[in-house]
Amino acid sequence: MSPTVSGDASEAGGDHAARLRASFTAQADTFEEPALNAAFTSALTWIVDAAQPRTEDRCLDLASGTGLVGRALAPHVAEVICVDTTPAMLARGRTAAEAEGLANVTFVLGDATLPVVPAASIDLA
């Protein structure tokens with residue numbers, strides 16, 4: 001599935017957005033390593049429990065990176081949409097979701113500050 005583009009870099013901060021993308025592109029291969037990203041990798045169970053997902057929920061994971069949180073929620077909800085500005089992060093997440101057998105996760109190239117879905121269509125963000 002090809003990523004969808006929402007907005008462009010000049011709308012979302014231009015040079016700053018490009019620097020962020022470059023930084024996160026460099027981190028994509030190691031983003032989910034517990035020693036390097038303990039904030040998310042060690043707290044996934046807590047995040048899922050705190051979110052109290054329902055099987056009918058549509059979940060939006062903004063600035064998702066590899067979709068680590070969205071993928072943890074995926075077995076508990078109807079659909080997850082992971083949005084990030086870094087194609088390399090989305091590619092890693094898409095590969096991981098496929099390997100994990102998660103067919104209800106979609107990865108979208110976009111900026112978290114620009115709407116990619118109507119707000120009323122999301123139950124959990």
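Which residue in β4 is the bridge partner of I81? It's T106, and the first close-up below starts from there. Everything here comes from a predicted model, where local features need pLDDT of at least 70, side-chain atom pairs count only at pLDDT 80 or more, and totals for chains, interfaces and linings use all residues. Residues are numbered from 1 along each chain as its sequence is written, and side-chain values use heavy atoms, with hydrogens and water left out.

**View 1. Strands β3 and β4, with I81 and T106 as bridge partners.** Strand β3 covers residues 79-84 and strand β4 covers residues 105-110; strands here are DSSP runs of E with at least two residues, helices are runs of H or I with at least four, and both are numbered from the N terminus. The two strands run parallel and are joined by five bridges (strands pair if DSSP finds at least two bridges between them). To get from β3 to β4, the chain goes through helix α5 (residues 87-99), and this β-α-β crossover is right-handed. Right-handed means that, with the strands pointing away from the viewer, the path from the first strand over the helix to the second runs clockwise. β4 is mostly covered, with five of its six residues buried. Buried means under 20% relative accessible area, exposed means over 50%, and partly exposed is in between, all with a 1.4 Å probe and protein chains only.

**View 2. Strands β2 and β3, with L62 and V83 as bridge partners.** On this side of β3, the pairing with β2 is again in the parallel sense, over five bridges. The link is helix α4 (residues 68-73), which makes a right-handed β-α-β unit with β2 and β3. Like its neighbour in View 1, β3 is mostly covered: five of its six residues are buried.

**View 3. The salt bridges around R54.** A search of the whole structure turns up four salt bridges, each one a side-chain nitrogen of Lys or Arg within 4 Å of a carboxyl oxygen of Asp or Glu. R54 has two partners in this view. With E56, the closest N and O atoms are 3.6 Å apart, while with D57 the N to O figure is 2.6 Å. R54 is partly exposed at 42% relative accessible area, and E56 is partly exposed too, at 48%. D57 is buried, with a relative accessibility of 2%.

**View 4. R58 and E79, a salt bridge between two strands.** The closest N and O atoms of this pair are 2.6 Å apart. The pair links distant parts of the chain, since R58 sits in strand β2 (residues 58-62) and E79 in strand β3, 21 residues apart. R58 is partly exposed at 23%, and E79 is partly exposed at 25%. Back at the site of View 3, salt bridges that share partners join R54, E56 and D57 into one network.

**View 5. E56 in its loop, with V77 alongside.** E56 lies in the loop between α3 (44-51) and β2. Its C-alpha atom is separated from that of V77 by 5.8 Å, though the two are 21 residues apart along the chain.

**View 6. The largest pocket, with a volume of about 410 Å³.** A pocket here is an open set of points on a 1 Å grid over the protein atoms alone, where a 1.4 Å probe fits and there is protein on both sides within 12 Å along at least five of seven lines; lining residues have an atom within 4 Å of a point. The volume is the space filled by probe spheres set on the points, which are joined across faces, edges and corners. Of the 24 lining residues, the closest to the centre are F24, A63, S64, G65 and D84. The elements that give two or more residues to the lining are α1 (15-27), β2, α4 and β3, and α1 gives the most, with five. By type, the lining divides into 13 nonpolar, seven polar and four charged residues.

**View 7. The whole protein, for orientation.** The protein has five helices and four strands, following the pattern β-α-α-α-β-α-β-α-β along the sequence. Of its 125 residues, 37% are buried.

Notes
Ala, Val, Leu, Ile, Met, Phe, Trp, Tyr, Cys and Pro count as nonpolar, Asp, Glu, Lys and Arg as charged, and the others, Gly among them, as polar.
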